[in-house]
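Here's a quick briefing to read with the model open in your viewer. Have a look at the fold before going through the points.

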Amino acid sequence: HIVTAPMNGVIKSVKVKGNDVVQKGDFLVSYDDMEIKGKQRIAAQTINISASEIVKQERNSFFDSGIRNKLEESKADRAVKTLEYQAISAQLNKLTLFAPQSGTVILDDPTMLIGKPVKVGEKLLSIVDPKDVEIEKLLTAHETHAIQKGDDVSVFLDNAPFEPIKGVIDRVMYEPFLTPSNIVSYKAYVKVQAHATPPHGR
């Protein structure tokens, strides 16, 4: 599951790091709330001023038909301002992000998010179920003949060369392609065992 930014803003804090195991509902990330709370205060003040003006107009509307017309406009304006206030208040509920599911956090460097301006829809981190993690492995033509679906394998990653990840070959793609180094390779996908620690990447 990819956790994305629900709105534009600046990230204030990140409560998790890569490989942390979280439960559904756990605290993940929070936005800086100063700007939105400032807008909320201004919107509330505007509504209060509008309400006071309406009270005055209601008192005088008995004696002046022109004020009665103005009163209806003021009430409509207050209704619009109330909707704006409610929209701003709803944003406050988006300032804190919680884990949408249980799993393992995939995140390179949480400090890179802190203080970062983000846009709605931008990826922040991922949460994966260890049962669904797979690793893409590049094979030479010779290696494709040595393995097949269902084989048990150990994968050694560059960032953890002494901590092999146990898995099973899920599928092998027999369509060749050239790597950036101009080496003919084939892709194999390893299904990580449920008790293994998920890698930082696919």
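The notes below go through the cores, the strand pairing and two backbone oddities.

Keep in mind that this is a predicted model. Its largest nonpolar core has 23 residues, and there's a second, separate core of 13 residues. On the sheet side, four strands make an open sheet in the order E5-E4-E2-E7.

**Nonpolar cores**

- Inside the largest core, the residues with the most contacts are Leu-28, Tyr-31 and Leu-125.
- Two or more residues each come from E2, strand E4 (27-31), helix H1 (34-60) and strand E8 (123-128).
- The second core of 13 residues sits apart from that one, and its members include Ile-135, Val-155, Leu-157 and Ile-165.
- Leu-28 is a good place to start clicking: leaving out residues up to four places away in sequence, it touches Leu-125 and Ile-127, among others.
- Other contacts of Leu-28 include Val-3, Val-14, Val-16, Val-22, Leu-97, Phe-98 and Pro-100.

**The four-stranded open sheet**

- Pairing in the E5-E4-E2-E7 sheet is antiparallel.
- Its edges are strand E5 (96-98) and strand E7 (117-118), and each of these pairs on one side only.
- E2 and E7 are held in register by two bridges, in the antiparallel sense.
- Want a residue pair to check there? Val-10 has Pro-117 in E7 as its bridge partner.

**Pairing around E6**

- Strand E6 (residues 103-106) runs antiparallel to E3, with two bridges between them.
- Val-22 is matched with Gly-103 of E6 in this pairing.
- E6 also runs antiparallel to E8, this time with three bridges.
- Here Val-105 stands opposite Ile-127 in E8, and Ile-127 is also one of the residues that Leu-28 touches.

**Positive phi at two asparagines**

- Most residues other than glycine have a negative phi.
- Asn-19 goes the other way, with a positive phi of about 75 degrees.
- You'll find Asn-19 in the loop between strand E2 (9-14) and strand E3 (21-22).
- Is Asn-19 buried or exposed? Neither, quite: Asn-19 counts as partly exposed because its relative accessible area is 29%, which lies between the 20% and 50% cut-offs.
- Asn-182 has a positive phi too, of about 60 degrees, although it isn't a glycine.
- The loop that holds Asn-182 lies between strand E11 (160-178) and strand E12 (184-192).
- Asn-182 is exposed, since its relative accessible area is 59% and the cut-off for exposed is over 50%.

Definitions and conventions. Residues numbered from 1 in each chain as written. Predicted model: local features only at pLDDT ≥ 70, side-chain atom pairs only at ≥ 80, totals over all residues. Heavy atoms only, no water. Buried < 20%, exposed > 50% of the residue type's maximum accessible area, 1.4 Å probe, protein only. Core = buried A, V, L, I, M, F, W, Y, C linked by side-chain atoms within 4.5 Å. Contact = heavy atoms within 4.5 Å. Pairing = 2+ DSSP bridges.
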